[in-house]
Amino acid sequence: MIYYNSRYLSSKLQINLARWKRWAREFLPPDPLGGIQSGVTRQFNAKEAFKVYLAGHLVGALKLTIPDAAKILNDLKPWLKSQGFFQIHARPTLNGARNMPQHFLFIHPENEQQFSYCIRTVIQTETVENDISVKRTTFSETHMGPSKSNGDEGHPVYGHVIAVTRLYTDFLNKIEVV
């Protein structure tokens, strides 16, 4: 099993070391080998590192609060695990992650610390009538959270979108899992 330390991950992912360590403390359980003053460096497997990276993306890029990001991770944990994003051994980019279906995660705030999710999985993309700029995409949708309505009246007015497969592939490329 491959382990990574905070310094390596923060360098490769281009995230400030102090920020990475804070996110690790916020989004992972306490390190069983020691605390801040134990002198033992925390080691991350690929699952833990991607969990911190995804949560950090929610906080840093989408400007969500740390409690909101933790809630979203907790809500999506079963789906992320079932789709192969939370594996202890990362999928190498040459054969695994690039062959994963493209997933787009739509996060819609409901009320106080409540979120609804729509996950669109691309099934097929094709060019329409030899026009390079027009594509037809077929996808499936998975709805999670309090508002699972599929009708037009249930569509939220705003939300956040993450190309989660692309984020995972970029993560693997940056930490050089080959």
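Met1 lies in the segment that precedes strand β1, residues 4–5. In this predicted model, Met1 is exposed because its relative accessible area of 54% is over the 50% cut-off. Together with Tyr3 and Ile88, Met1 makes a nonpolar surface patch of about 320 Å².

**The chain as a whole**

The chain contains five helices and six strands. Along the sequence they follow the pattern β-α-α-β-α-α-β-β-β-β-α. Of the 178 residues, 37% count as buried. The accessible surface of the chain is about 10500 Å², and carbon and sulfur atoms hold 49% of that surface. Contacts in the chain between residues at least 6 apart in sequence can be sorted by separation: 61% of them join residues at least 24 apart.

**The hairpin of β3 and β4**

Strands β3 and β4 run antiparallel and are joined by seven bridges. One of the bridge partnerships links Phe104 to Arg120 in β4. Five residues stand between the two strands of this hairpin, and Gln113 there takes a positive phi near 50°. A second positive phi, about 65°, is found at Glu176, just after α5.

**The nonpolar core**

The largest nonpolar core has 46 residues, and Leu80, Phe85, Ile162 and Phe171 touch the most other members. The elements giving two or more residues to this core are α2, α3, α4, β3, β4 and α5. Helix α3 supplies the largest share, nine residues.

The table gives the residue ranges of the helices in that list.

| Helix | Residues |
|---|---|
| α2 | 17–27 |
| α3 | 46–60 |
| α4 | 66–82 |
| α5 | 164–174 |

What does Phe85 touch, not counting residues up to four places away in sequence? The contacts of Phe85 are Phe50, Trp79, Leu80, Met100, His103, Val164, Thr165 and Tyr168.

**Helix α5**

Among the residues that Phe85 touches are Val164, Thr165 and Tyr168, and these three are also buried residues of α5. The other buried residues of α5 are Leu167, Thr169, Phe171 and Leu172. An α-helix has 3.6 residues a turn, so residues three or four places apart point the same way. The cover over the buried residues of α5 includes α3, α4, β3 and β6, the last of these spanning residues 160–163.

Key:
Residues numbered from 1 in each chain as written. Predicted model: local features only at pLDDT ≥ 70, side-chain atom pairs only at ≥ 80, totals over all residues. Heavy atoms only, no water. Patch = residues over 30% accessible without salt bridge, like charges linked within 9 Å, V, L, I, M, F, W, Y side chains within 5 Å. Areas by Shrake-Rupley, 256 points an atom, 1.4 Å probe, with all protein chains shown as cover. Salt bridge = Lys/Arg side-chain N within 4 Å of Asp/Glu carboxyl O. Helix = DSSP H or I, 4+ residues; strand = E, 2+ residues; numbered from the N terminus. Buried < 20%, exposed > 50% of the residue type's maximum accessible area, 1.4 Å probe, protein only. Pairing = 2+ DSSP bridges. Core = buried A, V, L, I, M, F, W, Y, C linked by side-chain atoms within 4.5 Å. Contact = heavy atoms within 4.5 Å.
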